[in-house]
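Thanks for coming. Please look at the model on the screen, and then I will walk through the ligand site.

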Amino acid sequence: MIWIPFFFVVCSAVVVVAACFSVIPVLLKVDNLSHWFHLALVVLVSGCPCVLILSTPVATFCALTKAATSGFLIKTGDCLETLAKIRIAAFDKTGTITKAEFTVSDFKSLSPNINLKNLLYWVSSIESKSSHPMAAALIDYARSVSVEPTPDMVENFQNFPGEGVYGRIDGQDIYIGNKRIAHRAGCLTVPGIEANMKRGKTIGYIYIGEELTGSFSLLDGCRHGAAQALQELKSLNIKTAMLTGDNQDAAKSIQEQLGDALDIVHAELLPQDKARIIDEFKSQGPTMMVGDGLNDAPALAKADIGISMGISGSALATETGDIILMSNDINKIPKGMRLRGEVIGK
Ligand code: ADP
Ligand code: MG
């Protein structure tokens, strides 16, 4: 027990020195008082014999606060530790790497019996029930040609994450989505309409019952600074991947826009496919997933760290993620990953 008086003396000395650092500048009326108060705190924390116990929670708290003020909400201190160890970063495409501000470039009726405006009325009314960014674009497109959707007329609306939507309107069973929606409509083969559409677009299929009755294509663009954020992750020795439910062509077009920032691309994925790939990545090293949609929730939950897009993302993604990005700026991710090292000073 001989060390108790020794600790007492050291503690007192540290407190006295820290007090000097804060009081003397006040007495001398120096200009930059906050600098001296900061120095006093540094002396107090680092000179304290309990430093080993105190320094980690103090550093963690500082990092969490700093991250939160810049819109990077980390739910627990453990996430900060894991974040520093991440070796693979997987990103969803629509709404995460891209802006999800679609413009409809093409909307067609493929049946001579179905009037284009009528089809657009049904599609926009059903899409009014969906929170997917494609839905907003289709509704805007309908309004731009004086077609007003009436969501109240839609019955039995269903959302199929990563595939599309279904609704019954005016006695018609209508399925809208990607290739996979054909199976929901009871159609086993998908007619190859992509060849007629311009490359790199998201393509939508409209089925009335089992019949392919219409198609549309939409264009989206990368978020500002997306390539830079991915390159920064690569400079931290982290592998980058994009996992999307969209078609191969649209995925390839985004990959081309990003230069060599993406190491791996997987397209036409269902929510469970994204989760399976995250599992495979985890066998290679600590993995994080960044996503916004309902179809990202299983992958966000499976990853060592799940980051959800707080503003544009779905409530489920936000609930599932360990970190919420309170802005749509994915550049905050590499900055957030550096935080722990910066605050601890290594
Ligand atoms: P990502 O994985 O790139 O974020 P999404 O979550 O946007 O992909 O969904 C994958 C695909 O599912 C879309 O590209 C689209 O074809 C289809 N889809 C999803 N929701 C809808 C919807 N409301 N209307 C039409 N298609 C949809
Ligand atoms: Mg998405």
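How far does a polar side-chain atom of Asn178 lie from an oxygen atom of ligand 1? The distance is 3.4 Å, and a polar contact is a pair of N or O atoms within 3.5 Å. This is a predicted model, where local features need pLDDT of at least 70, side-chain atom pairs count only at pLDDT 80 or more, and totals for chains, interfaces and linings use all residues. Residues are numbered from 1 along each chain as written, chains are lettered from A and ligands numbered from 1 in written order, and side-chain values use heavy atoms, without hydrogens and water.

Two other side chains reach oxygen atoms of the ligand: Thr244 with an N or O atom at 2.6 Å, and Lys274 with a polar atom, also at 2.6 Å. Taken alone, ligand 1 exposes 560 Å², and the protein buries 97% of that; these areas come from the Shrake-Rupley method with a 1.4 Å probe.

Around ligand 1 there are 20 residues, counted if a heavy atom lies within 4 Å. Asp92, Glu127, His132, Thr244 and Lys274 come nearest.

Terms used
Polar contact = N/O pair within 3.5 Å; in protein donor to acceptor, adjacent residues only side chain to side chain.
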